[in-house]
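Several terms used for protein structures rest on fixed rules. The questions below ask how such rules are applied to the model shown here.

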Amino acid sequence: MKNAYDAIIIGAGPAGLACSTELSKSGLDVAVLDEQAGPGGQIYRNISKASPGQHSILGDDYTAGLKLVQAFQEASLDFFPRTRVWQAEPTGEVFMSADGRSRKLSAKYLVLSTGAMERPVPFPGWTLPGVMTCGGMSNLFKDSSLSPTEPVVLAGSGPLLWLIAEHLFALQAPVAAILDTTPLGQIFPAMKDMPKALLRFGFMMKGVKMIAAVHRTALKKKVPIYRNVKKLCAEGDGRLQCVKAKSGKKDLVFDTSLLLVSEGIIPNTSLFRQVGCAHKWDSVQRYWYPDVASDGRTNLPAVFIAGDGNFVHGAKSAELKGRLTALTIAKEMHRMSKADYRRLTKQIGDELQKELLPRPFIDALYAPRPDLFSMTDETVVCRCEGVTAGRIRDLVGQGYTDHNEIKAIIRCGMGPCQGRMCGSAVLELVAEGSGLQPKEIRQHRLRPPIKPVSLQELANSNLGDSDES
Amino acid sequence: MNKGKSKFIWSNPSATGNTVTIYFEEEPCVVPAGITVAAALLGHDDEHFCQSAANQENRAPYCLMGVCFECLVEIDGHKNRQACLEPVFEGMRVKRQHEIVEEIK
């Protein structure tokens, strides 16, 4: 079985699709690995199988992915769907599991395009069945056209909240209320980035129009929209039954079976941290992101990063970042002349710069609010191990400021998700209790395997070095 | 095991209209072909998928993109399968995962 390639791309979202298609066109031997059953990532999930009805609800921004996926499907490369990567090495080795067995592949270059995830924000009751993310609801619809039958409460801040509201309205799904947790006045710090954003007037207006349309539909359907919502709390016996919150001085209570939350998108950096990529801290969006040059290079010569995993800029930018990374690798492998490289990187780089113009404004407008992680002591922070905020605050009070130490003492971040769900909150709790800036705090380390692997899979493994192709 | 009423419907069945039968807790469920196990189960009842290994609380999918590990089920005898990543197949047998805490600690 073939196990050596020129490049292995991990993640078949917009960046991975664009990068791998481009590399394969330049004649390189490419493997693409993804956890899902088909290409598209989260944004273009299930796109090649979605029905016309799904396309019409999800709109042009979804359908735009078809071209990318078609080009990928026509490209000559090896695609490994339903494949979990549990370890990658700076030398270009990748350990993965699929179909109940583990394998090792290796390549001269790795491109990590593992994308982004919703910022996990603990609040009382967020572990109850019936509480899920807005992106999760969107994935259910993309996968299988599932739509809620009982009134839904939406809560959060950012474009995704409004987009999901728009989709639910289009599906005629019942909505109980929309709780906007964006603090009033967040527009003021964002204003300085407004002129640059307005250079992409069409893009900005599309967002404004979408949100305005949701407001109009909400008014027509008598769905209340509450602003400046705080103290969100989910309650129920074994599953969600009730959502409580505060809007100003008003107490809000909704009997509901489904709460969809969204507090922004952050890069999914787990594989980058495991392989040893250097990271930087973004003080506006308050997340760690890998230190990546515009050509996709990281601090590790064989490891490139492309897409929203690098910094959350959206699907179109992810695609362009994937292309730029492909060009760099093609040039290094002498598949492209310097002149072509310069011309194409200039062209795609310019397109990317244009695409990025509105981002600082959007990032500032929907920056995580200062009290986003001020959960009560009883709130579960680590879902896997059931560790509460109070226990973490206790340890921080005793002087522990390293998530790795906290994990060793109270198992916070030791469960199957490996700290993906609690990482943001633990960092903020440490910052709150110690007075340290997040960038001064050591990052949570990830050690392989970063996804659970069964002993059976290892027993069935083929981890040898021989390439029998 | 209590079976509740699903809080979701298939609003817009898949392009092909094909279905498969899976067995959830031994009960046959006819679901659209090609969807994930998580979607299939959510479309059938509103119960939990698994219990937290740490404190036995009921859990169900949170992220639906492979990150949170709250949708763990047993599929054809294999534990710890992420329901949000596994597509349904004809005859698949799915069970809720109730891991006993002593086993793993």
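The following exchange concerns a predicted model.

Q: Why is the pair Glu150(A) and Lys7(B) called a salt bridge?
A: The rule asks for a side-chain nitrogen of Lys or Arg within 4 Å of a carboxyl oxygen of Asp or Glu. In Glu150(A) and Lys7(B) the closest N and O atoms are 3.5 Å apart, so the pair satisfies the rule. Four salt bridges are found across the interface of chain B and chain A.

Q: What makes chain B and chain A partners in an interface, and how many residues of each are in contact?
A: Contact requires heavy atoms within 4.5 Å. On that basis 43 residues of chain B touch 50 residues of chain A. The area buried between the two chains is about 3900 Å², with carbon and sulfur atoms giving 57%. The interface also holds 12 residue pairs in polar contact, both residues being at pLDDT 80 or more.

Q: Which elements of chain B give two or more residues to the side that touches chain A?
A: They are β1 (8-10), α1 (37-42), β5 (58-59) and β7 (78-82) of chain B. Of these, β1(B) gives the most, with three residues. By class, this side of chain B has 23 nonpolar, 12 polar and eight charged residues.

Q: How do you know that β9 of chain A pairs with β1(B)?
A: Two strands pair if at least two bridges are found between them. Three bridges join β9 (residues 146-148) of chain A to β1(B), so the condition is met. The two strands run antiparallel, and Pro148(A) stands opposite Phe8(B).

Q: Why are β13 and β15 of chain A said to stand at the edges of their sheet?
A: The open sheet has the order β13-β14-β15 in chain A, with antiparallel pairing. Both β13 (229-235) and β15 (250-255) have a single partner strand, so one side of each lacks a neighbour in the sheet. From one strand to the next, the twist averages 15°.

Q: What makes β14 and β15 of chain A a pair of strands?
A: Six bridges join β14 (residues 242-247) to β15(A), and the rule needs at least two, so the strands pair. Ser247(A) stands opposite Lys250(A) in this antiparallel arrangement.

Q: Why does the salt bridge of Lys2(A) and Asp29(A) tie together separate parts of the sequence?
A: The N to O distance is 2.6 Å, so the pair falls within the 4 Å limit. Lys2(A) lies in the segment before β1 (4-10) of chain A, and Asp29(A) in the loop between α1 (14-25) and β2 (30-33) of chain A; the bridge therefore ties together parts 27 residues apart in sequence.

Methods: Residues are numbered from 1 along each chain as its sequence is written. Chains are lettered from A and ligands numbered from 1 in the order in which they are written. This is a predicted model: local features need pLDDT of at least 70, side-chain atom pairs count only at pLDDT 80 or more; totals for chains, interfaces and linings use all residues. Side-chain values use heavy atoms; hydrogens and water are left out. Buried area is the accessible area (1.4 Å probe) that two parts lose on being put together, summed over both. A polar contact is a pair of N or O atoms within 3.5 Å; within protein, one must be able to donate a hydrogen and the other to accept it, and residues adjacent in sequence count only if both atoms are side-chain atoms. Helices (H or I, at least four residues) and strands (E, at least two) are DSSP runs, numbered from the N terminus. Ala, Val, Leu, Ile, Met, Phe, Trp, Tyr, Cys and Pro count as nonpolar, Asp, Glu, Lys and Arg as charged, and the others, Gly among them, as polar. Axes are lines fitted to C-alpha atoms, for helices over the stretch in contact, and angles run from 0 to 180 degrees between N-to-C directions.
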